[in-house]
Amino acid sequence: KHQFGNESANNNQPNKRLLVFGLGNIGTLVAKIAATDLSTNGTSSFDRVYGTTRSGKEIENVHTVQFDSYEDIRDIIPFCTHILITIPPIEAENTTNTTFIGEQPKNWSFCDPV
């Protein structure tokens, strides 16, 4: 079980935390860059980087969470200062458990709910 919100800030600056929904090609690239030392004083852009994954792959310096681990994701979100969504859209006709309010628009696409 992850412990969220207990990380200390670098150099007394406010904590910056990134959550990347979808660690595919682009999400992984962004998460790696965000978690990498980008400055000469030894600090990265973010104090903590989280990412959701289907495959369970591990990424150095990125705290991965299974994409369907709703409790963990719900616990992470309040502590994140930045959220990036890189999950692919799905076609509406492929959704069987989706409730639409009103009439479903033609050719409607949306992101898979997390």
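A nonpolar core here is a set of buried nonpolar residues, Cys included, joined through side-chain atoms within 4.5 Å. Keep that handy for the exercises below, and remember that this is a predicted model.

**Exercise 1. Work out which residues make up the largest nonpolar core, and which elements give two or more residues to it.**

Solution. Start with the members: L18, V20, L23, A31, A34, A35, F46, V49, I59 and V62, 10 residues in all. Next, sort by element: β1 (17–21) and α1 are the ones that give two or more residues. Of these, α1 supplies the largest share, 3 residues. Then look beyond this core: there's a second, separate one of 7 residues, with F21, I73, I76 and C80 among them.

**Exercise 2. Place T28: is it buried or exposed, and what does it touch?**

Solution. First, find T28 in helix α1, which spans residues 25–35. Its relative accessibility is 10%, and the cut-off for buried is under 20%, so T28 counts as buried. Now for the partners: setting aside neighbours within four places in sequence, T28 is in contact with L23, K57 and I59. With K57 there's also a side-chain to side-chain polar contact at 2.9 Å. Finally, check from the other end: I59, itself a core member, touches L23, T28, K32 and T64, again leaving out residues up to four places away.

**Exercise 3. Decide whether I85 is buried or exposed, and say which patch it helps make.**

Solution. Locate I85 in strand β4, residues 82–85. At 54% relative accessibility it passes the over-50% mark, so I85 counts as exposed. Together with I77 and I83, I85 makes a nonpolar surface patch of about 260 Å².

Technical notes:
Residues are numbered from 1 along each chain as its sequence is written. This is a predicted model: local features need pLDDT of at least 70, side-chain atom pairs count only at pLDDT 80 or more; totals for chains, interfaces and linings use all residues. Side-chain values use heavy atoms; hydrogens and water are left out. Helices (H or I, at least four residues) and strands (E, at least two) are DSSP runs, numbered from the N terminus. Buried means under 20% relative accessible area, exposed over 50%, partly exposed in between (1.4 Å probe, protein chains only). A polar contact is a pair of N or O atoms within 3.5 Å; within protein, one must be able to donate a hydrogen and the other to accept it, and residues adjacent in sequence count only if both atoms are side-chain atoms. Contact means heavy atoms within 4.5 Å. Patches are made of residues with over 30% relative accessible area and no salt bridge: like charges are joined within 9 Å, nonpolar side chains (Val, Leu, Ile, Met, Phe, Trp, Tyr) within 5 Å. Accessible areas come from the Shrake-Rupley method with a 1.4 Å probe; for residues, only the protein chains shown count as cover. A salt bridge is a side-chain nitrogen of Lys or Arg within 4 Å of a carboxyl oxygen of Asp or Glu.
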